[in-house]
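Here is a short question-and-answer tour for a computational chemist. Have a look at the model first, then read on.

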Amino acid sequence: MRTVRRKKLHFSKIYTFRCGRASFKGDHSQIGGPGFSRVVHCNEPGSFEAAILNYVGNYVSSTKYTLATFLPKSLFEQFRRVANFYFLVTGILAFTPLAPYSAVSAILPLFLVIGATMVKEGIEDWRRRQQDTGVNNRKVKVHFGDGAFEQTEWKNLRVGDIVKVEKDEFFPADLLLLSSSYEDAVCYVETMNLDGETNLKLKQALEATSSLQEDSNFGDFKALVKCEDPNANLYSFVGSMEFEEQQYPLTPQQLLLRDSKLRNTDYIYGAVIFTGQDTKVIQNSTDPPSKRSRIEKKMDKIIYFLFCVLVMLSFIGSVYFGITTNDDLENGTMKRWYLRPDNSTIFFDPKRAPAAAVYHFLTAVMLYSYLIPISLYVSIEIVKVLQSIFINQDVHMYYEEADKPANARTSNLNEELGQVDTILSDKTGTLTCNSMEFIKCSVAGTAYGHGVTEVEKAMARRKGSPLPNGLEADKDTAKDTSVAKSLIKGFNFEDERIMNGNWVNEPHSYVVQKFLRLLAICHTAIPEVDEETGKVSYEAESPDEAAFVIAARELGFEFYKRTQTSVSLHELDPVSGKKIDRLYGLLNVLEFNSSRKRMSVIVRDEEGKLLLLSKGADSVMFERLAKNGREFEEETREHVNEYADAGLRTLILAYRELTEEEYKAFNEEFTEAKNSVSADREALIDEATEKIEKDLILLGATAVEDKLQNGVPECIDKLAQAGIKIWVLTGDKMETAINIGFACSLLRQGMKQIIINLETPKIKALEKAEDKLAIAKASKESVLQQISEGKAQVTASSESSQAFALIIDGKSLVYALEDDMKNLFLELAVGCASVICCRSSPKQKALVTRLVKAGTRKTTLAIGDGANDVGMLQEADIGIGISGVEGMQAVMSSDIAIAQFRFLERLLLVHGHWCYRRISSMICYFFYKNITFGLTVFLYEAHASFSAQPAYNDWFLSFYNVFFTSLPVIAMGVFDQDVSARFCLKFPLLYQEGVQNVLFSWRRILGWMFNGLCTAIIIFFLCKASLDPQAFNRNGKVAGLEIVGATMYTCVVWVVNCQMALAISYFTLIQHLFIWGGVALWYLFLLAYGAIPPRFSTTAYKVFVECLAPSPSFWLVTIFVVISALIPYFSYKSIQMRFFPMYHGMIQWIRHEGHCEDPEYCNMVRQRSLRSQTVGFTARIAARNNRVTDRFHNHG
Amino acid sequence: MDLGSTDGASESPSAAAKKHSKKPKYSKFTQQELPACKPILTHGWVITAFVSVGVIFIPIGLASLFASERVVEIVDRYDKDCVPSTYGNDTLAYIQSTQTNKTCIRSLTVPKQMKSPIYIYYQLDNFYQNHRRYVNSRSDEQLRSKAYEFDTDDCDPESNTDKGPIVPCGLIAWSLFNDTYGFSLQNKVLQVSKKGIAWKSDQKHKFGSDVYPKNFQSSGLIGGAKLNKSIPLSNQVDLIVWMRTAALPTFRKLYGKIEVDLEANQKITVVIQNNYNTYSFGGKKKLVLSTTSWFGGKNDFLGIAYLTVGGLSLFMAISFILLYVVKPRPLGDPSLLWNINPVGHSN
């Protein structure tokens, strides 16, 4: 049985525990003091002592509201918005005699709008609650006494409970590991949910409790744990356990964190230490930074602007009102006697005219509130939610392999997606797959492997070797490579010289044998043998490690079994030519770390020989070779350089034989170092290993390809055509970064590379001298000088349209990002077509992002997949997480998650463009319709001596925004498309409309407002002139206030809805339904409202049935006014469409005229975008063609 | 907002085990590929639109202009002339005095034949019936039903007297127009019919048949006309007409109708009781006699406006056609159409 075999392993031998043995020194002395006061009575959570401690339960809640706080809290949230607060104030004022309309009619729309938003909030919170309930109701086995374990819900756990967690279950709370199914009480934990790392972490219980491996052991188990108070630090834990009258120190090594998962271990027993809100993961969860889009910020400005207009209008009205009111009573004679100015209320009293004017001002502010669209916020929110659903539902952004659709985690930023100016991209896992493929190797100075890497293809293109013509062919090759993926994951090696056991015939076959054996032994992977097929698969810490073991397996050295002290292989015996099983005794593992840059194992083979097998980076390995081990050094170096040039990751493999004495001496020193608890433990270990990892004999080198993700070059090309700048921020070496740059066409031949680094001899010399101050000073000078030079070059060639690429490394970046230099650096970077920052730390990534965001004041988008990208994602205007293999950390802190880099193309060019266009049109239109409506009210005021008498019935007023005009806007915000997705992608330059913000520029906003102004004037004056004062129908009746009001209102509803019909370019049934439905609804409302008793309907009573409908005037006026009000816009739009179309207009022409099938014609339109573009493979081809034609011209 | 964060940290193990494919379902709706008409303003459309507006508007304009021409309207401003010259500029003293003789005789010539019914209007100028204080100064409840007699909250200062509530209360009723007109043709009295001058819904539902005027114009300042206490409000048509407030400061109100045809050049004598005070606020008073057409009174504006807009549309259409003929530019030619400057890379 697999599980049984597993159980026997003793992994603590493989891993050297970093924390070793804990002691009571240091932090542990603080236990019991402030901050370290927690006391846990293990296995007796119900006891009196435990009860008085009263720790929180394990119920977690991520909801914003509870039933009790929902109302006040969400109301508060709502009224924090200026506009909503304004409407609340007017709503309250409506209950005073100041109100120009009835209070209910003023409050109801606000009520509806706030209600809708609150319902939305409520639903979202309800979903969160359900999610919580799901979590809280997960089952876990808990000790109920007498050694009996029973299932219970997570939420019922109490501090001190003993739980049993089984394989692949999540830990329900922060647990103290007591014992596991392994004898040495270790267990494997996957912390993906915490830090995004997929590799397994090893935890180990105290020896004292490790024997408690059965349920029955816990019947009378008792222990007292004293430890630190709840805190957010995931990597620290200080505590002690009193067990069987002995004190044991506790470390993070014994702490299992909630939301991490038990892996490769059948079960563990643990004591609950922190529950619910006290757990480290929940203490750690912070709300993601709330981001607001530029458009929304600008919208706020427009609202303030409208407030100013409103106040101004009110002020004008009040002044006029004050003067006329004052005039009404002069020396006791009444002017407008019918108003009884002699006996008036304060609001109309000529004797107190200034006060009346002030009161009037308040009334006017209420009356003109229709200038501000009350439903704007809620409509935008509804629209954005629906837009996000569309993004989530897009099948073109669904990644089949990982079963992941796009996931817009926030809907605030949809339109921002259409305005991205700069993309800052991570490399590994984002541009590349983070799946390593063993593709080449160099053994004994001979290079093996015929595979052609993506990078080599790119290099071939770059060097101008034969290349398929044109763009389409180029795409084909890209597709081919994706189809012709290697069948075995991690292995793309092809060379019949060493495959299928042919290596035995190679000249240095013994070296090959050693090489392959080393690959099969020197690693920390764990094999998993499929019981049925006998196939072996591996679990490894990193994908390159897996690639090595797989390669060894495929080449005949199958690693199939690991025990605590041995590694077993099936290997080919060159003499007999048969497969034999070999067992290697595993003595030590010298782990990999970033400073050592190598790992080694010490094994004893079957003949009893002691071998040190080592692999590592070229920079550390070559210097450790023995004099007699350098036989193939020259060739290997050459190969390694070649491989690096082709964008491959290389490792050097070497070994040495040890004598018994040497090993004994080493082992003593090493064991001592490992067991020491002093601060320099690491240094001691390093020192011990240093001594033995020398005098190595070179075997060869491996090359692993970091594969570009599917469609990355095409996507980058499209984005470049769209005019988006792409920066790559990577932790990789400069060479790798440059190679990837070439592979994805961010760099190309003919591009001038400006490389900024600190690899100058002067600085190197200083580094040797270790004078930090001098290094810093010299470095800074050097960076400044390099940046200035680069800047000069860029400026000098600004006319020749020479493309530049900036490549800067992390060390230089430190100085370039300093306050006094960063603007210069940014200027240089902005001047370059592509920018690559290599060797950059997560913090630098975030800093660069901030610099670009703040410096260019344009929208930045950061895309990344790992925990190291979190800072960048949160800093950027939009953070896109790749929900790939590297865990959830990036996704959790992103705004939108996609599965593959290539989906960015569709996300930005299609959804981004659409959303930007929709939201900006929607907002413009909102202001248009409210200005139209508000100004008719104002104009009417001017004819009612500014007495604040509304032209319309109260309910007409309040339903305008809510019913008759809001649905079409929402439909536009959700469904409108200027051009279809296909054309968005075909003409990427269309995206520039968003980047340059042409659809939401002040010009356009004011244009729409002006349109509203014109419409209002046309509607009001035409209605006035055609209805007054003569008879309105053939019965000689004249049009009173109610008829004029209803007619004008009808015109407004028609005009505003028809204007919408003119403005949108995509008519589905839904649009028709909403637009014409809005108009129809108005008539229906008029009918229904007019039919209820006059007590409620007041002036609207039977107005339609009796007055309007039978009168031809009404219909004639409506038709006339509506058409006249639309003609200016219609003419403007026809002329614009005809003579000055915007880019989307041009594409609409192309589509309309069917030119899209004519490739030459399309190219003509696209040409523009190619000409200005400097990165991407089309630019590369264009550049190449230019060179060819130049040459041709020169010859001719 | 945090949409669909279900696949976050808290994915339950059972859900993971079920492994439903999360692949979005394809539908034209979710993929935003719904069949749609995508109109763009092509030459054809623009010209068609303009031509059709022209073609529809010009006949309507002509028809309404023609109808308006057929309406015969006599307008006579009498506020100035009806003040005896002895009062000179002190018109206010004249109108406010109860002693003065307010009778004024006017003679009107019928320009063209006027077919019955001939509607009689009074037109007031600069009278803000739409002033908020004025509009709200009424009690709809009181007007409708006897039961709400005391419902006079909004009517101040014309709400109550010592003897009880005023019915009808409020400024509108109080300021009821009180000029009267008597018409005679060749010394033969022309009957003025008040039938059907008010909206039916008003008479039926807004003004109660059981509500009688009470304490109206009985004390303090007297505003306008007095009401016959024996006639219920639903039959006080002048009041009903007056109480439908006008939208604008210049307005006409129906006074009555003459149901006799008048021939051209006939002279009508009008005896006006010039009671109503428009002098204090400088308003004009006019007497209007008018026939109607199918769409109402004399209104050249609508016809002319229709013709203008129709003509303008035709003009636009012709301009577009000319542009098309003179400058038949291939549409969508990028070299002519380009107006977007991709920034960024070139600098």
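Q: How far apart are the end C-alpha atoms of residues 891-1141 of chain A?
A: This is a predicted model, in which local features need pLDDT of at least 70, side-chain atom pairs need 80 or more, and totals for chains, interfaces and linings use all residues. Residues are numbered from 1 along each chain as written, chains are lettered from A and ligands numbered from 1 in written order, and side-chain values use heavy atoms, without hydrogens or water. The span is 73% helix and 1% strand (DSSP runs, H or I of at least four residues and E of at least two, numbered from the N terminus). Its end C-alpha atoms lie 40 Å apart.

Q: Which strands stand at the edges of the open sheet of 9 strands in chain A?
A: The order is β16-β35-β34-β33-β17-β29-β32-β31-β30, with mixed pairing (strands pair if DSSP finds at least two bridges between them). Each edge strand has a single partner, so one side of it is left without a neighbour in the sheet. These are β16 (407-408) and β30 (752-756) of chain A.

Q: What area do chain B and chain A bury between them?
A: Buried area is the accessible area (1.4 Å probe) lost on putting two parts together, summed over both. Carbon and sulfur atoms hold 61% of it here. The total is about 11,800 Å².

Q: Which residue of chain A forms a salt bridge with K23(B)?
A: A salt bridge puts a side-chain nitrogen of Lys or Arg within 4 Å of a carboxyl oxygen of Asp or Glu. Between chain B and chain A the count is 3. For K23(B), the closest N and O atoms are 3.7 Å apart, and the partner is E400(A).
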